[in-house]
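User: Could you walk me through the labels on this model? I'd like to see the reasoning behind each one.

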Amino acid sequence: MTTRLGLGLPQMRQYSIGEDVPAVARAAEDIGYDSLWVFERALFPEPATQGLYGIDGLPWPDQYRSVAEPLVTLALAAAATERAELGTSVLVAPLHLPFQLARALASLDAASGGRVLAGLGTGWSLDEYAAAGVRPFEERGAVLDEIIDVCRAVWGPDPVAHDGPLTKIAPAVVGPKPARPIPILLAAGNRRSWRRLVDKADGWLPVAMGGTRVADQWRQLRELAEERGRTEPIRTVLRVNAEFLRAGYEGADRRPFQGGVDQIVRDLVEYAEVGLQEILLDLQGTARDAAELTDVAAEVFEKARAAGV
């Protein structure tokens with residue numbers, strides 16, 4: 001079975017958001033990509049008070065100095081396309097008020113004709129949590145749980161009602177409703193977060209961190225689902241943060257998905273063998289502009305399909 005392929009939309013500072021997002025979205029859909037994706041990075045602390053991913057001493061990429069708001073970006077893409085699904089990988093859900101986030105996603109799904117995939121995670125940046133001011137970082141798991149519950153309620157039949165620590169909705173009519181039940185996918189990398197996924201979500205958003213490791217996590221997740229009596233299938237979308245190098249690079253210290261188009265495609269072939277349903281390829285970080293992003297995305301798609309991905 002052919003692996004579905006998605007493309008990350010241009011959100012970084014080298015792009016003109018109003019012009020480049022619709023243009024890249026249209027082009028990606030014409031090329032054949034099945035889905036279009038955004039991520040969330042709310043700010044760039046300067047000086048950095050915390051390393052990237054919370055790892056001491058690991059610098060933040062310069063591209064994170066300006067990242068367009070994810071749902072605004074998806075709205076631009078929705079208006080420019082007809083077929084491709086529109087996903088977040090990931091939206092740092094606890095930075096958002098649950099009721100407002102549920103309504104925004106529902107409106108986007110209604111406007112796009114039922115194409116939204118709500119990929120949620122808890123994030124890691126203490127500065128982003130402080131700036132958002134919703135709840136402390138230490139409560140992120142509980143906030144994510146309530147966000148999922150509020151989304152299910154708001155997207156469901158009226159009257160909507162919810163009584164939780166953050167959100168209290170007296171019985172009310174809340175619209176518009178999504179065009180169909182919006183799939184919720186979670187970024188989960190440990191047993192605790194896998195339990196939340198198995199019990200409350202529709203799918204999994206792993207990150208390419210080594211084919212063997214992804215395959216092992218996918219096996220453990222399926223085993224946990226069986227243990228907990230889940231019968232519904234788990235949708236899977238693997239995020240690949242690719243580093244396109246114009247001259248290519250084949251050194252022994254090369255990271256996965258670092259190199260020219262041919263090397264990126266070879267890595268795609270390896271990861272496709274894990275058996276996940278979809279691979280999201282994010283090329284925007286090292287592309288110089290929207291034209292190069294589109295050209296590289298087209299070449300990768302053509303060669304990946306020729307290679308059987």
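User: Where does I55 lie?

Analyst: Happy to help. One thing to keep in mind is that this is a predicted model. I55 sits in the loop between β2 (35-38) and α2 (70-80).

User: What makes I55 partly exposed?

Analyst: The relative accessible area of I55 is 45%. Partly exposed covers the range between under 20%, which is buried, and over 50%, which is exposed, so I55 gets the middle label.

User: Which residues make the nonpolar surface patch with I55?

Analyst: Y53 and L58 join I55 there, and the patch covers about 280 Å². A patch residue needs over 30% relative accessible area, and I55 has 45%.

User: Why is the contact between E46 and R65 called a salt bridge?

Analyst: The N to O distance between the side chains of E46 and R65 is 2.9 Å. The cut-off is within 4 Å, so the pair qualifies as a salt bridge. Both E46 and R65 lie in the loop between β2 and α2, so the bridge ties together parts that are 19 residues apart in sequence.

User: How do E46 and R65 count, as exposed or partly exposed?

Analyst: E46 has 58% relative accessibility; the line for exposed is over 50%, so E46 counts as exposed. R65, with a relative accessible area of 36%, is partly exposed.

User: What makes E85 and R235 a salt bridge, and which parts does the pair tie together?

Analyst: Their closest N and O atoms are 2.6 Å apart, and the limit is within 4 Å, so the pair passes. E85 belongs to strand β3 (residues 85-88) and R235 to strand β10 (residues 235-241), so this bridge ties together parts that are 150 residues apart in sequence. E85 has a relative accessible area of 15%; buried means under 20%, so E85 is buried.

User: What about K200 and D149?

Analyst: Their side chains meet in a salt bridge at 2.8 Å, N to O. The pair links distant parts of the chain, with K200 in helix α6 (residues 191-200) and D149 in helix α5 (residues 140-155), 51 residues apart. K200 has a relative accessible area of 24% and is partly exposed. D149 also counts as partly exposed, at 33%.

User: Which residues are joined into one network by salt bridges that share partners?

Analyst: That network consists of R4, E85, R235 and E278. The structure holds 27 salt bridges.

User: What makes strand β1 mostly covered?

Analyst: Four of the five residues in β1 (residues 4-8) are buried.

User: How do you know that β1 pairs with β13 and β2?

Analyst: Pairing takes at least two bridges. β1 and strand β13 (residues 278-282) have four, in the parallel sense, and three bridges join β1 to β2, also running parallel. G6 shows both contacts: G6 stands opposite L280 in β13 and opposite S35 in β2. Together with helix α1 (residues 17-31), β1 and β2 make a right-handed β-α-β unit.

User: How do the side chains alternate along strand β6?

Analyst: In β6 (residues 160-163), V160 and H162 point to one face and are buried, while A161 and D163 point to the other and are not. In a regular strand, side chains alternate between the two faces of the sheet. β6 pairs with strand β7 (residues 168-172) in the antiparallel sense over three bridges, and a hairpin of four residues joins β6 to β7.

User: Why is the pair of Y33 and F301 called tilted?

Analyst: The structure holds nine aromatic pairs. For Y33 and F301, the ring centres are 5.0 Å apart and the planes stand at 55 degrees. Under 30 degrees would be stacked and over 60 edge-to-face, so the pair is tilted. Y33 and F301 are both buried.

User: Why is the pair of F44 and W60 called edge-to-face?

Analyst: Their ring centres are 5.8 Å apart, which falls within the 6.5 Å limit. The planes stand at 70 degrees, so the pair is edge-to-face, given a cut-off of over 60. W60 is buried, at 8% relative accessibility. F44 and W60 also belong to one aromatic cluster with F39, Y53, Y64 and W124.

Definitions and conventions: Residues numbered from 1 in each chain as written. Predicted model: local features only at pLDDT ≥ 70, side-chain atom pairs only at ≥ 80, totals over all residues. Heavy atoms only, no water. Patch = residues over 30% accessible without salt bridge, like charges linked within 9 Å, V, L, I, M, F, W, Y side chains within 5 Å. Areas by Shrake-Rupley, 256 points an atom, 1.4 Å probe, with all protein chains shown as cover. Helix = DSSP H or I, 4+ residues; strand = E, 2+ residues; numbered from the N terminus. Buried < 20%, exposed > 50% of the residue type's maximum accessible area, 1.4 Å probe, protein only. Right-handed = clockwise from strand over helix to strand, strands pointing away. Phe/Tyr/Trp six-rings, centres within 6.5 Å; stacked < 30°, edge-to-face > 60°.
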